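Thanks, everyone, for making the time this morning. I would like to take you through one structure, and please hold your questions until the end.

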Amino acid sequence: MKHFRHIGLALAATFVVSQAGAEELTGTLKNIKDTGAITLGFRDSSIPFSYLDDNQKPVGFAMDICYKIVDAVKKELKLDKLEVKLNPVTSATRIPLMANGTIDLECGSTTNNADRQKQVAFTNTHYLTASRYVFKKSSGLKSIDDLKGKTVVSTAGTTNIKQLTEANVAKSLGANIIPAKDHAEAFLMVETDRAVAFVMDDVLLASLVAGSKTPDDYVISKDAFSKPEPYGIMLRKDDAQFKKVVDAATAALYTSGEGQKIYDKWFTAKIPPKGLNLNTPISAELKNEFAKPSDSPNPDDYK
Amino acid sequence: MNYHWNWGIFFEPNPMGTGTYLDMLLSGLVLTLKTAVLAWIIALIFGSIVGVMRTLPSKAAGWFGFCWVEFFRNMPLLVQLFLWFFVLPELLPKAAGLWLKQLPNAPFWTAAIGIGFFMSARVAVQLQAGISSLPRGQKMAATALGLTTVQGYRYVLLPMAFRIILPPLTSEFLNTIKNTAVAITIGLIELTGQARSMQEFSFQVFEAFTAATILYLLVNAVVVTAMRYLERYVAIPGYITGK
């Protein structure tokens with residue numbers, strides 16, 4: 001009897017697979033099958049998500065996840081060989097390059113929010129980060145209220161500067177908010193005492209501090225400006241067939257415990273090129289997310 | 001292309017709570033204009049002084065003019081702004097450096113003065129060329145009339161030289177406006193900076209930069225037209241610059 005059930009399941013499975021196989025390929029999947037290549041967009045300095053190691057090769061947490069997705073795509077399309085092309089992107093170029101078909105997946109630290117979903121799609125969340133601030137130990141700050149009347153920097157165009165501006169109004173801090181061009185420059189502002197604090201995603205702050213000349217001089221605040229927001233691997237919008245494969249691949253990765261292993265590799269151990277250790281164990285929220293993968297842009301969905 | 005155009009984005013509220021996205025771009029435009037005008041005033045003043053110095057008989061003046069021009073002309077503007085903003089305060093005594101760093105609107109002043117000095121080297125070279133292009137007799141005639149060197153420049157040489165170099169000065173002014181875009185490297189969120197913020201918030205890249213392009217073109221069209229009027233207004237019939 002048991003045998004019969006197994007055979008039945010196997011038959012059913014075969015049926016489903018052949019059904020899927022019979023389905024006409026469209027969008028990105030068709031393109032990958034036709035060209036035998038998939039293109040990953042990577043960032044050059046988004047440590048530890050996607051950055052260049054000392055051989056100028058892109059590595060990182062998001063890159064590892066992308067390679068798992070590539071494996072799944074290869075399996076889905078039953079290809080013997082799938083060429084992986086790598087294309088550098090910046091926050092300014094990731095959307096045009098995704099829209100015009102240059103890249104198929106963006107492997108970085110892009111926040112998944114409702115506004116952006118009007119333009120692109122995201123697969124299951126691979127990281128959750130809250131907006132906090134970094135400051136010099138010597139400045140003796142304790143809470144967000146201590147920023148009253150101080151000069152605070154954040155990066156222009158980020159969700160963080162928006163939250164900082166909102167908090168400034170809501171708590172009537174009267175802080176002088178200056179926008180910086182990028183994270184490195186914003187951190188430099190704190191390093192050179194132009195600003196007392198830099199508001200950013202906590203994980204990015206941790207990597208900036210770990211990479212600074214004197215990591216011990218800096219502290220990351222306990223207070224947060226926001227609920228933890230999700231990061232996702234970005235893909236083209238309105239490409240249900242490709243999204244299904246990508247979602248299935250990331251879900252399998254996260255629920256199997258392999259996601260946790262990759263996480264530990266990048267966040268709690270020494271990472272190239274300089275052997276920094278970010279010392280950031282997995283948060284309870286992300287642990288829950290890995291158990292129940294989700295691509296929701298809403299921070300309230302991650303508890 | 002798999003891009004979702006949304007031209008209505010300009011009228012949607014921006015996430016900073018400062019009105020719509022269009023307001024954001026316009027506030028950037030205002031900052032661009034403020035920076036460009038201040039930089040242009042600095043460029044004209046210092047460019048004129050240095051340009052004149054390069055044509056004086058004094059060796060010391062000529063040498064100073066040469067150094068000024070080569071220093072400001074030979075370094076990329078991006079590098080210069082970075083040096084003024086990040087490196088200079090570190091070289092000063094600690095208290096002075098700290099004062100400079102905590103100056104309100106430090107990026108604005110640094111950008112305006114930095115771009116002003118950079119452009120002054122170009123204005124100086126233009127003016128020098130303008131003065132050199134005048135017939136030698138002009139200077140001699142001024143001296144023969146009993147004018148001092150200062151008076152000779154003030155009443156004879158400069159009025160002619162400036163008329164001759166008005167068209168190239170127009171393009172230098174346009175360059176000054178365009179060069180303000182470099183100021184985002186020191187955190188001045190002018191028009192280009194606001195367009196970048198807008199694309200980061202909304203991911204509507206092409207709309208943001210199309211709007212920025214149109215605004216730059218409009219401003220430059222206004223400048224070109226105004227300068228044409230100025231050229232016609234100051235033209236003297238019979239001279240090379242007037243017909």
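I will begin with the contact between the chains and then turn to a single residue in chain A.

Please keep in mind throughout that this is a predicted model, and that the values I quote are computed from it. Chain A and chain B together bury about 2,900 Å², with 58% of that area on carbon and sulfur atoms. In chain A, the residues that lose the most area to chain B are Q119(A), K181(A) and R194(A), which together make up 24% of what that side buries. The contact draws on 34 residues from chain A and 32 residues from chain B.

As for polar interactions, there are six residue pairs in polar contact between chain A and chain B, counting pairs with both residues at pLDDT 80 or more. The elements that give two or more residues to the side of chain A touching chain B include α4 (94–99), β10 (176–180) and β13 (229–236), while α6(A) gives the most, with five residues. By class, that side of chain A has 12 nonpolar, nine polar and 13 charged residues. The count of salt bridges between the two chains is one, and there the side chains of R94(A) and E200(B) meet at 3.3 Å, N to O.

Now to the single residue, S109(A), which lies in strand β6 (residues 105–111) of chain A. Is S109(A) buried or exposed? S109(A) counts as buried, because its relative accessibility is 12%, and the cut-off for buried is under 20%. Its side chain makes a polar contact of 2.6 Å with the side chain of S46(A). Leaving aside neighbours within four places in sequence, S109(A) is in contact with S46(A), F49(A) and Y231(A).

Key
Residues numbered from 1 in each chain as written. Chains lettered and ligands numbered in written order. Predicted model: local features only at pLDDT ≥ 70, side-chain atom pairs only at ≥ 80, totals over all residues. Heavy atoms only, no water. Contact = heavy atoms within 4.5 Å. Buried area = accessible area lost by both parts, 1.4 Å probe. Salt bridge = Lys/Arg side-chain N within 4 Å of Asp/Glu carboxyl O. Polar contact = N/O pair within 3.5 Å; in protein donor to acceptor, adjacent residues only side chain to side chain. Helix = DSSP H or I, 4+ residues; strand = E, 2+ residues; numbered from the N terminus. Nonpolar A, V, L, I, M, F, W, Y, C, P; charged D, E, K, R; others polar. Buried < 20%, exposed > 50% of the residue type's maximum accessible area, 1.4 Å probe, protein only.
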